[in-house]
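Q: Please pick one part of this structure and take me through it slowly, with its surroundings. I would enjoy one connected account rather than a list.

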Amino acid sequence: REREREISMKRGAPEGEGDGGGPAETKRAATDDGSEEGTGGRRRLKFAVVCSSNQNRSMEAHLKLSQRGFDVQSYGTGSHVKLPGPAADKPNVYEFGKTSYDEMYKQLMEQDARLYTQNGILNMLDRNRRIKKLPERFQECGKQFDIVITCENRVFDQVLQGLEDTGNETMEPVHVCNVEIKDNHDCATIGALDICQLATAIEKLDDVDSGIDDLLEEFEGKGKPILHTVAYY
């Protein structure tokens, strides 16, 4: 079964650009299945945030959600990891799961420290290497999540295609939402706060499957369209 809805969500107030710090540490009890326990003894929902290259938008959301105590991972869906290069037609291209953020940072620092400092790439990579080791591709992660939040309509479609390609083996439902975010540093910061607002509201639901429609209706008319559908593992 598949449901899709455009809803609107109020934009959060901007924070400063990614602060470069790692995710806040939180203490949570583990449940019998190894997942972490939230307030009231309920299992924490497992979130994934996904953009194209697992560099800017998904990593800023990963940071903000981690700092708020969410169980979250981040991914990309592109065929390669791409970062701006010295010219529009000369991007820096890497393979998912092979080159670490730290290695990218050092390579670009050596290549042109001034350029990549001015355009914010080194600051972004410094933040990323404090969060996790390297970019990961959603279609290859082999993990299951309760909620997947994408940052672009095209990425939303790629996530759904990736889930369909697994063959619906377990038929476990996953709610996939898209919060459209432009791929620049300022919009990534604001978009991450939008995602935090959405994730907080979802996690407060007693039953996500039965309550998410009413929740999404409450967000309608507040300024930001969101796509939603239910897919299956």
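**From one loop into the sheet and core**

A: Let's begin at M171, which is found in the loop between α4 and β7. This is a predicted model, so please read everything that follows in that light. M171 has a positive phi, near 60°, although this residue is something other than glycine. Its relative accessibility is 47%, so M171 counts as partly exposed, because that class covers values between the buried limit of 20% and the exposed limit of 50%.

It is helpful to set M171 beside N54, another non-glycine residue with a positive phi, in this case about 55°. N54 belongs to the loop between β2 and α1. N54 has a relative accessible area of 0%, so this residue is buried, while M171 is partly exposed.

Now follow the chain out of the M171 loop and into β7, residues 173-179. This strand is mostly covered, with six of its seven residues buried. On one side of the pairing story is β6 (residues 147-150), which runs parallel to β7 and is joined to it by four bridges. One pair to look for on screen is V148 with its bridge partner V176 in β7. To get from β6 to β7 the chain passes through helix α4 (residues 153-165), and the resulting β-α-β crossover is right-handed.

β7 also pairs with β8, residues 225-232, this time in the antiparallel sense and over seven bridges. Here you can look for N178 of the chain, whose bridge partner in β8 is L227. Of the eight residues of β8, seven are buried, so this strand is largely enclosed by the rest of the structure.

A second crossover is worth a visit, the one that goes with the N54 loop. The chain leaves β2, passes through α1 and arrives at β3, and this β-α-β crossover is right-handed too. β2 and β3 are paired in the parallel sense over six bridges, with K46 finding its bridge partner in D71 of β3. β3 covers residues 71-76 and is mostly covered, five of its six residues being buried. Within β2 you will also find V49, which has 0% relative accessibility and so counts as buried. V49 and I147 are 98 residues apart in sequence, yet their C-alpha atoms are 8.6 Å apart in space.

What do these elements pack into? In soluble globular proteins, nonpolar side chains tend to be buried together. The largest nonpolar core here has 29 residues, and F47, L65, I149, I195, L198 and I202 touch the most other members. At least two residues come from each of β2 (46-51), α1 (57-67), β6, β7, α5 (185-203) and α6 (208-219). The biggest contribution to this core is that of α5, with eight residues. Apart from it lies another core of 17 residues, which includes V50, F156, V159 and L163.

β7 takes part in one more feature, the largest pocket, to whose lining β7, α5 and α6 each give two or more residues. The volume of this pocket is about 570 Å³. It is lined by 26 residues, and those nearest its centre are R43, R44, L45, D146 and V208. By class, the lining is made up of 11 charged, 10 nonpolar and five polar residues.

Finally, let's step back to the whole chain. It has six helices and eight strands, and in sequence order they follow the pattern β-β-α-β-β-β-α-α-β-α-β-α-α-β. Of its 233 residues, 51% are buried. Back at our starting point, then, a partly exposed M171 sits in a loop that leads from α4 to the mostly covered β7, a strand paired in parallel with β6 and in the antiparallel sense with β8.

Methods: Residues are numbered from 1 along each chain as its sequence is written. This is a predicted model: local features need pLDDT of at least 70, side-chain atom pairs count only at pLDDT 80 or more; totals for chains, interfaces and linings use all residues. Side-chain values use heavy atoms; hydrogens and water are left out. Buried means under 20% relative accessible area, exposed over 50%, partly exposed in between (1.4 Å probe, protein chains only). Two strands pair if DSSP finds at least two bridges between them. A crossover is right-handed if, with the strands pointing away from the viewer, the path from the first strand over the helix to the second runs clockwise. A nonpolar core is a set of buried Ala, Val, Leu, Ile, Met, Phe, Trp, Tyr and Cys residues joined through side-chain atoms within 4.5 Å. On a 1 Å grid over the protein atoms alone, a cavity is a set of points where a 1.4 Å probe fits but cannot get out, and a pocket is an open set with protein on both sides within 12 Å along at least five of seven lines; lining residues have an atom within 4 Å of a point. Grid points are joined across faces, edges and corners, and a volume is the space filled by probe spheres set on the points. Ala, Val, Leu, Ile, Met, Phe, Trp, Tyr, Cys and Pro count as nonpolar, Asp, Glu, Lys and Arg as charged, and the others, Gly among them, as polar.
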